[in-house]
Amino acid sequence: MSPTQSARLGAMTVLSLVLGACSLAPTYQRPSAPVPDQFPIVAAGAAASAQPGGDLPAWRDVFQDPRLQALIELALHNNRDLRIAIQRVEEARAQFGIARSDLFPTVGVGGNGQVTRLPENMRAGSDSSSVSRTYMAGVGMTSFELDFFGRVRNLSEAAYQQYLSTEQARRTVQLGLVAQTAEAYFNLRSAQSLHELMDKTLTAREGSLQLVQARFDVGVASDLDLAQAQAQLDTVRADLVAAQRGIEQANNALQLILGTPVPEDLPKALPFGRDQLLAALPAGLPSQLLERRPDIIGAEHALMAANAQIGAARAAFFPSISLTGLLGFASPELGALFGGSHRYWQFSPQIQMPLFAGGGIRGNLDLAKARNNIAVASYEKAIQTAFREVSDGLAGEATYSRQLDAVRATEASALKALNLSQIRYETGIDSFLQVQTAQVNLYGVQQQFIQLGTAALFNRVELYKALGGGWSADDVLSTKDK
């Protein structure tokens, strides 16, 4: 290969790369956020939380129960949905690599030989041989498109943005998995708390039945009192069986999320209550959601990909130029192929200009524009959904504490009413109906308190998720970890 020929091949490659800098894609501009500048101020507590608060703490700092932390770790390493999401990232990364490879020429080393026998009437002369041989070998470049109008570059950019969007989808799955694990754990703890309540209530109801039975045996209590006491006991027995079923189902749900059996050697759990979670989460401003929420970030990358597709569709209206070249040796004899006088080069530019395609090129551009409009709407909807979810969470944070305080006061009043009704029954002032009513009221309030406390925990988990979660280098699992 002579220096002049090498320079030509290098010049063609550099020229094609420089020309590829042209792009017909629209200039990207981030759409305005279609939400108010501030979250709704529901109460003083919500107003305080809504102030700019910087980054959220990592999930290990938010979920402070050691047993829950261990369960989240297990889920992050074993959950199948997360594994699928990670492989989606690998798939998108490979697709980007394929699209990006079209920006560079394909150069290879090859050789071929051809032996042809011609009939006598097709030979160049009467003394020509009936068999002709041709051997070639060298370095070749096959069908490399000179990207004058940025078609290949925009397709590569679209694949890259889609890869980034898929990576954010993985983060969304991981964030959802952390929240799901916490909620499944709190659901299990709630079922266990209800079971404990019902077990204690069953013991109390058995004591009430024994008291009524004793009074019935001496003729003080009526058959109605005895039947009511028995009904109260049977009701709690039925509830206890349902609570046991709830525990089993909650365990099954947690195991599915973990992707592995629940280990026996988990750390000791904290007492069930709101102290298992960080007391306050910095909500910040709506604009910060654009930088925190992986689903919003992913939607914007999808929008950028759709924007690049418009550039590729526009480029299809212009000529497409591709190059094929070979630089090497050619000879009629294999033994003399690499002789100094047998240098050979071939340069084959091709140009294609669309004249009529039945509306296909215009249709592809319209399709790209429609998909871009869909991506814009999807991005805006993601922002609106995030704004609503954070607003709901802040509303819950501002009200659940006061509601729990009210239920706690109601429980104290119901317990006092039960004690007084029992005294009045034992002294013969009231019938057992008053005791039964007080027992039902206290039992209902105690269940409500557990259920409401669980709902408050769920609300804080959902608020953490709505804010985009707190991430650190150790929290975000790399696809290489899998």
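**Exercises on cores and helix packing**

Leaving aside neighbours within four places in sequence, V390 is in contact (heavy atoms within 4.5 Å) with F39, L289, L463, A466 and L467. The model is predicted, so local features need pLDDT of at least 70 and side-chain atom pairs count only at pLDDT 80 or more, while totals for chains, interfaces and linings use all residues. Residues are numbered from 1 along each chain as its sequence is written, and side-chain values use heavy atoms, with hydrogens and water left out.

**Exercise 1.** Find which residues touch the most other members of the largest nonpolar core, and which helix gives the largest share of this core.

*Solution.* Begin with the term: a nonpolar core is a set of buried Ala, Val, Leu, Ile, Met, Phe, Trp, Tyr and Cys residues joined through side-chain atoms within 4.5 Å, where buried means under 20% relative accessible area with a 1.4 Å probe, protein chains only. The largest such core has 49 residues, and those that touch the most other members are F63, F186, I296, V390 and L467. Helix α6 (residues 151-217) supplies the largest share, ten residues; helices here are DSSP runs of H or I with at least four residues, numbered from the N terminus. A second, separate core has 22 residues, M198, A229, V236 and F432 among them.

**Exercise 2.** Describe how helices α9 and α10 pack, and decide whether they are roughly parallel or antiparallel.

*Solution.* Two packed helices are described by the angle between their axes and the distance between the axes. The axes are lines fitted to C-alpha atoms over the stretch in contact, and angles run from 0 to 180 degrees between N-to-C directions. For α9 (residues 294-315) and α10 (residues 360-426) the angle is about 165 degrees and the axes lie 8 Å apart. Since angles over 145 degrees count as roughly antiparallel, α9 and α10 are therefore roughly antiparallel to each other. Among the residues that meet are I296, L303 and I310 in α9 and L365, N372 and Y379 in α10.

**Exercise 3.** Determine whether N372 is buried or exposed, and which residues N372 touches.

*Solution.* N372 lies in helix α10. With a relative accessible area of 13%, N372 is buried. Not counting residues up to four places away in sequence, N372 touches L303, A306, N307 and I310.

**Exercise 4.** State how the axes of α5 and α6 are arranged.

*Solution.* The axes of α5 (residues 80-101) and α6 come within 8 Å and cross at roughly 170 degrees, which makes α5 roughly antiparallel to α6. The contact includes I86, V89 and F96 of α5 and Y160, Y163 and V173 of α6.

Methods:
Buried means under 20% relative accessible area, exposed over 50%, partly exposed in between (1.4 Å probe, protein chains only). Helices (H or I, at least four residues) and strands (E, at least two) are DSSP runs, numbered from the N terminus. Angles under 35 degrees count as roughly parallel, over 145 as roughly antiparallel, 65 to 115 as roughly perpendicular and the rest as oblique.
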